[in-house]
Amino acid sequence: MKPEKIFVLRHAQSEGNVDKTVYARKPDYALNLTPIGVIQANSAGIRLKAHKAMGKFAVYYSPFFRSIQTLNNVVVGLGKDNIDRNYIREDPRIREQEWHGAMPESDYNEDKSDVMERECFEYGKFYYRFDGGESSADVYDRVSDFLNTLNTNVPQAHI
């Protein structure tokens with residue numbers, strides 16, 4: 001059965017959203033929400049509660065810390081009784097675009113990062129692969145694969 005509605009939430013504000021240099025100290029998957037991000041996620045849960053007449057929500061989330069923290073705080077606003085506990089699934093296909101692992105802080109160079117971003121836009125953002133990372137086309141392929149599974153594997157309502 002196809003879902004009637006799909007709600008897509010990106011993680012709330014994270015450390016990397018407010019300070020790009022944090023990537024030199026932490027790997028991407030380990031970034032946490034900021035205090036503002038916690039409030040944003042809770043507010044999203046409160047807004048989703050307005051759709052509770054649709055039934056319980058199925059939830060798919062990425063394995064990144066900030067996504068798990070977002071989910072936990074959305075549930076605070078939404079209420080645990082509005083989640084279908086049989087459909088809470090971690091799925092790595094919906095993680096962020098990979099750029100590279102954490103660089104030692106001594107090697108981090110914001111100018112180099114800016115050069116890579118410029119190269120990306122000159123080459124073509126959709127196809128450019130960052131060193132040790134993936135292109136937007138790679139992300140498209142894995143997210144498309146994930147979305148195709150929603151037609152057969154989930155109940156009617158989703159976050």
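Visitor: Which residues are linked in a network of salt bridges?

Guide: Arg10, Asp28, Arg66 and Glu96 make up that network. Keep in mind that this is a predicted model. A salt bridge here needs a side-chain nitrogen of Lys or Arg within 4 Å of a carboxyl oxygen of Asp or Glu.

Visitor: How many salt bridges does the count come to by this rule?

Guide: Twelve. Take one from the network: Asp28 pairs with Arg66, N to O at 2.8 Å. This pair links distant parts of the chain, with the two positions 38 residues apart. Asp28 sits in the loop between α1 (15-18) and α2 (35-48). Arg66 belongs to helix α3, residues 65-78.

Visitor: Is Arg66 buried or exposed?

Guide: Compare the relative accessible area with the cut-off: under 20% is buried, over 50% is exposed. Arg66 has 1%, so it is buried. Asp28 has 15%, so it counts as buried too.

Visitor: Where does Arg25 fit, and what does its side chain meet in a salt bridge?

Guide: Its partner is Asp19, at 3.2 Å from N to O. Check the accessibility of each residue again. Arg25 has a relative accessible area of 41%, which makes it partly exposed. Asp19 is partly exposed as well, at 30%.

Visitor: Which residue forms a salt bridge with Glu134?

Guide: Arg142 does. The closest N and O atoms of the two are 2.5 Å apart. Both Arg142 and Glu134 are buried.

Visitor: Now the helices. How many residues has α4, and what span does it reach?

Guide: Set the C-alpha span against the value expected at 1.5 Å a residue. Helix α4 covers residues 110-123, 14 residues in total. From first C-alpha to last, α4 reaches 20 Å, close to the expected 20 Å.

Visitor: Which residues in α4 are buried?

Guide: Ser113, Met116 and Cys120. Now look down the helix axis. The buried residues of α4 fall within an arc of 60°, so they line one face of the helix.

Visitor: What is exposed on the other side of α4?

Guide: Asp111, Phe121 and Glu122 are exposed there. Read the two sets together: Met116 is among the buried residues of α4, whereas Phe121 is exposed on the other side.

Visitor: What follows α4, and what is the sign of its phi?

Guide: Gly124 comes after the helix. Its phi is positive, near 130°.

Conventions: Residues numbered from 1 in each chain as written. Predicted model: local features only at pLDDT ≥ 70, side-chain atom pairs only at ≥ 80, totals over all residues. Heavy atoms only, no water. Buried < 20%, exposed > 50% of the residue type's maximum accessible area, 1.4 Å probe, protein only. Helix = DSSP H or I, 4+ residues; strand = E, 2+ residues; numbered from the N terminus. Expected span 1.5 Å × (residues − 1). Arc of directions from axis to C-beta.
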